[in-house]
Amino acid sequence: MNDRISALLKEKHINNKNVNVMAKSILITGAGGTVGEALARFLLERYCDKTVILLDHSDSALNVCYKNLNKYKNAHFYIGDYADTKMFNWLIRKYNVDTVFHCAAYKIVPMVDLNPVSAFENNTEKSNKLFRMCGENKIQNCIFMSSYEAFISKNIFGDTKRIAEILLEQNSTKYPDTKYCALRFGFVLNSSGSVIYLFEEQARKGENITVTHKEVERYVCSVDEVVDGAVVLLEMGETGCLYTLNMKKPIKIYELAKYYQMKYNERSKIVITQLRPGDKIYEEPLGCENGFSTSLNNQVFKNNKIYINWKTFNENYSKLIKNIESENYERIYDLIRTCTKNIEVM
């Protein structure tokens with residue numbers, strides 16, 4: 001089996017003894033998701049002095065979280081919209097929040113591609129509102145969990161994340177009392193929606209194992225790698241900067257399917273179906289728009305700064321917002337893409 005796949009399936013935290021997590025009260029948006037819950041679990045298990053507030057709009061997802069983590073007295077669970085100003089301000093005051101991990105997003109690429117307006121409003125517009133609220137409340141740390149899909153994006157999900165990254169940088173210049181960092185990471189192998197659970201079920205039942213394309217490859221990481229990378233940014237990250245998780249090299253999804261086929265004595269056949277809306281075949285080489293400068297603990301790379309033409313970006317972004325407000329959806333795909341293209345200072 002591919003060495004990278006083997007290592008990921010073992011899923012072990014890196015022992016970050018040298019990382020000093022100074023945060024005392026931490027709000028996690030999208031806490032019912034795989035990364036949000038894993039972050040909460042890590043903080044609650046490692047640091048008994050931390051207050052962790054878990055916020056999610058899905059009661060069913062948060063209920064699962066509650067069952068897993070309610071044994072910790074310093075864990076607090078809330079249902080709500082992360083961009084709700086009244087709720088956000090109330091939570092900030094009640095728990096004296098100093099750090100926000102923003103994990104909430106619509107993430108399923110084909111669904112996001114079919115619903116660009118909802119995706120933009122949730123992944124981008126509301127994120128910008130959250131960044132602004134963090135700054136207005138002088139939150140010490142705002143860590144945005146982005147996606148590797150934002151690098152040379154080929155789908156709406158990646159575009160919404162890339163625009164949010166740009167808005168994060170913009171807010172960092174407006175609110176110097178808050179440290180804003182963004183972390184890009186790839187396909188989380190053991191997330192709740194991971195293909196490994198589908199492959200496992202298909203192979204266990206002796207059904208065909210379905211793969212969209214034989215050559216599809218992805219940068220893959222474990223949820224523990226993502227958590228470790230995010231925690232590193234609390235101490236070592238610089239405001240307004242973008243970081244990328246060190247994911248070694250991409251893996252072929254077909255090889256992952258073969259692993260589960262072999263696990264169940266080849267009772268299943270691997271069947272190639274077709275690519276879904278927004279899917280791509282190959283990953284770009286691990287990188288960013290302008291290359292990397294340094295690595296932090298060899299876990300995350302600091303992306304070299306891209307200088308944005310803010311006049312062009314703001315004009316494009318305003319045009320997009322106006323079209324959505326007027327329910328003029330015909331050019332939404334193009335307008336979203338425009339906000340990520342040709343906006344760098346040459």
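Colleague: What makes the crossing of H8 and H10 right-handed or left-handed?

Modeller: The crossing is right-handed: the near helix is turned clockwise from the far one by less than a right angle, where anticlockwise would make a crossing left-handed. Bear in mind that this is a predicted model, in which local features need pLDDT of at least 70 and side-chain atom pairs count only at pLDDT 80 or more, while totals for chains, interfaces and linings use all residues. Residues are numbered from 1 along each chain as its sequence is written, and side-chain values use heavy atoms, with hydrogens and water left out.

Colleague: At what angle do H8 and H10 pack, and how far apart are their axes?

Modeller: H8 (residues 195–205) and H10 (residues 253–263) pack at about 35°, with axes 9 Å apart. The axes are lines fitted to C-alpha atoms over the stretch in contact, and angles run from 0 to 180 degrees between N-to-C directions.

Colleague: Which residues make the contact?

Modeller: H8 brings Val-195, Ile-196, Phe-199, Glu-200 and Ala-203, and H10 brings Ile-253, Leu-256, Ala-257, Tyr-260 and Lys-263; contact means heavy atoms within 4.5 Å. These residues divide into eight nonpolar, no polar and two charged.

Colleague: On to H4. Why are its buried residues said to be on the same side?

Modeller: In H4 (residues 85–95) the buried ones are Met-87, Phe-88, Leu-91, Ile-92 and Tyr-95, where buried means under 20% relative accessible area and exposed over 50%, with a 1.4 Å probe and protein chains only. They cover an arc of only 130° around the axis, so they sit on the same side of H4. The arc is taken from the directions from the helix axis to the C-beta atoms. The face turned away from the buried side carries exposed Lys-86 and Arg-93. Cover for the buried residues includes strands E1, E2, E3 and E4 and helix H6.

Colleague: What caps the N-terminal end of H4?

Modeller: Asp-84 does, with a side-chain oxygen 3.0 Å from the backbone nitrogen of Lys-86. After H4 comes Asn-96, whose phi is positive, near 50°.

Colleague: Why is Glu-225 called buried?

Modeller: Glu-225 has a relative accessible area of 17%, and the cut-off is under 20%, so the label fits. Glu-225 lies in helix H9 and touches Arg-4, Leu-8, Val-220 and Leu-245, not counting residues up to four places away in sequence.

Colleague: And what does the side chain of Arg-184 make a polar contact with?

Modeller: The side chain of Glu-165, at 2.8 Å. A polar contact is a pair of N or O atoms within 3.5 Å, one able to donate a hydrogen and the other to accept it. Arg-184, in strand E6, is buried at 0%.

Definitions and conventions: Helices (H or I, at least four residues) and strands (E, at least two) are DSSP runs, numbered from the N terminus. Ala, Val, Leu, Ile, Met, Phe, Trp, Tyr, Cys and Pro count as nonpolar, Asp, Glu, Lys and Arg as charged, and the others, Gly among them, as polar.
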